[in-house]
Amino acid sequence: MKKILLFILLITSAAYSNAQTKLNVVLAGLSHDHVNLIMNSYAKGEVNIIAIAEQNPVLVERFKKRFKFADSIFYTDLKEALKYKKPDVVLAFNAINDHLAVVEVSAPLGISVMVEKPLAVTVKQAERMAELARLHKIHLLTNYETTWYPSNQEAYTRVKDNTIGEIRKMVVHDGHRGPKEIGVSKEFLSWLTDPKQNGGGAIIDFGCYGANLMTWLMNGEAPISVTAITKQIKKDVYPNVDDDATIILEYPKSTGIIEASWNWPFNIKDMEIFGLTGYVQAVNSNTLRVKENKSPDYKLAEAKPLATAYSSHLDYLAAVLRNEIKPGNDLSSLENNLIVVKILEAAKRSAKEGKKVMLSK
């Protein structure tokens, strides 16, 4: 009998512990298709969604039916939702231009925020968001899919361990055949191809990944200059924004090349790093391709699994909110992403003016 009681106690304790570590989140918007990732986590019981702020009744009905949400979960206004619900964090799944408004509502209430990449449309917006976050002592983080790739984390470790020597060149490719071509939702497409709501086309949508990774690899250092070329290859499909961008970042001893496009023949997210003595490529989320300068051949290797706290945005968020991790210059950090927005703004200016843009310190 004692053994049975002890077993029940252990099971109950484990369930209680799991409930305690599960985040309570409020969603700001449903129009960003990355919201499907958090919904999948919700369906698996990995997170508690305690409120959703969304004005579009079509989206509300779609998600209500699909995930069996109660009517009481939905609000048309984030401010109203936060009057009644006290989450651990607000997750923004709306247009990039609306991220500032999310922080303006959440920060004064002491509620941390994680937005989908990139942080903001303009440097002015990003700096205002940072000002509010610091004033109200909240965490303001940015979520990128590639942050949770074991391959990227291991490539970073190889650089920091001096396995390939000092970085000389970085090349990051990101994109797909195009948002319309791959069938994103019409709500997502409407603002993703709006120069005001998204800030640009492929240069923003996929240029941010390379800027984020390179800022991380360069220890939070901003580039000296930014040069960019954009194209409208499918002007009939995307008449208002670019669909292809090449961005060159100049550092004192290295160069970064970001290739962002809605014109790839397939989905791609990879990163190449050339050092003085070797090379490492994060081919996909789990595979590395490496070569040392004396080796005649490339070698493929599987990346090691990540520690739990760095394996997903929810695990990372929970660790940050429990003060187990300090974001510092992490890929999700505010400091990194302020530089990302500066790079993207300079890239848009460079492409428009047809010249190199120097970044001020």
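What follows is a chat between a trainee and a mentor about a predicted model.

Trainee: Let's start with the sheet at the N-terminal end of the numbering; which strands form the open sheet, and in what order?

Mentor: Six strands form that open sheet, and reading across it the order is E3-E2-E1-E4-E5-E6, with parallel pairing.

Trainee: And which ones are the edge strands?

Mentor: The edges are strand E3, residues 74-75, and strand E6, residues 140-143, each of which pairs on one side only.

Trainee: How many bridges join E1 to E2?

Mentor: There are five bridges between E1 and E2, which run parallel, and one residue pair you can look up is Leu27 with its bridge partner Ile52 in E2.

Trainee: Moving to helix H2, which of its residues are buried?

Mentor: In H2, which spans residues 35-43, the buried residues are Val35, Ile38, Met39 and Ser41. Viewed down the helix axis they fall within an arc of 155°, so they line one face of H2.

Trainee: What covers those buried residues?

Mentor: The cover includes two helices, H3 (57-67) and H12 (313-321), together with strands E1 (24-28), E2 (48-53) and E4 (89-92).

Trainee: What follows H2 in the chain?

Mentor: Gly45 follows H2, and the phi of Gly45 is positive, near 80°.

Trainee: Which residues other than glycine have a positive phi?

Mentor: Two to look at are Asn162, where phi is near 65°, and Asn219, where phi is about 60°. Asn162 is in the loop between helix H7 (150-160) and strand E7 (167-175), while Asn219 is in the loop between helix H11 (207-217) and strand E8 (225-231).

Trainee: Is Asn162 buried or exposed, and what about Asn219?

Mentor: Asn162 is exposed, with a relative accessible area of 53%, and Asn219 also counts as exposed, at 54% relative accessibility.

Trainee: Staying with the backbone, where is the cis peptide bond?

Mentor: A cis peptide bond joins Lys117 and Pro118, with omega at about -15°, and Pro118 itself is placed in the loop between strand E5 (112-116) and helix H6 (123-135).

Trainee: Back to E7, then; how many of its residues are buried?

Mentor: Seven of the nine residues of E7 are buried, which leaves the strand mostly covered.

Trainee: Which way does E7 run relative to E11, and relative to E10?

Mentor: E7 and E11 run antiparallel and are joined by eight bridges, whereas E7 and strand E10, residues 255-261, pair in the parallel sense over seven bridges. As points of reference, Asp174 stands opposite Lys269 in E11, and Met170 has Gly256 in E10 as its bridge partner.

Trainee: I noticed Glu272; which strand is it in, and is it buried or exposed?

Mentor: Glu272 lies in strand E11, residues 268-275, and is buried yet has no salt bridge.

Trainee: Why does Arg289 not count as a salt-bridge partner for Glu272?

Mentor: Arg289 is the nearest side chain of opposite charge, but it is 5.1 Å away, and because a salt bridge needs the nitrogen within 4 Å of a carboxyl oxygen, the pair does not qualify.

Trainee: What does the Glu272 side chain make a polar contact with?

Mentor: The side chain of Glu272 makes a polar contact with the side chain of Tyr279, at 2.7 Å. Leaving aside residues up to four places away in sequence, Glu272 touches Lys169, Met170, Val171, His173, Tyr279, Val280 and Gln281.

How values were computed: Residues numbered from 1 in each chain as written. Predicted model: local features only at pLDDT ≥ 70, side-chain atom pairs only at ≥ 80, totals over all residues. Heavy atoms only, no water. Buried < 20%, exposed > 50% of the residue type's maximum accessible area, 1.4 Å probe, protein only. Helix = DSSP H or I, 4+ residues; strand = E, 2+ residues; numbered from the N terminus. Arc of directions from axis to C-beta. Contact = heavy atoms within 4.5 Å. Lys, Arg positive; Asp, Glu negative; His and termini not counted. Polar contact = N/O pair within 3.5 Å; in protein donor to acceptor, adjacent residues only side chain to side chain. Pairing = 2+ DSSP bridges.
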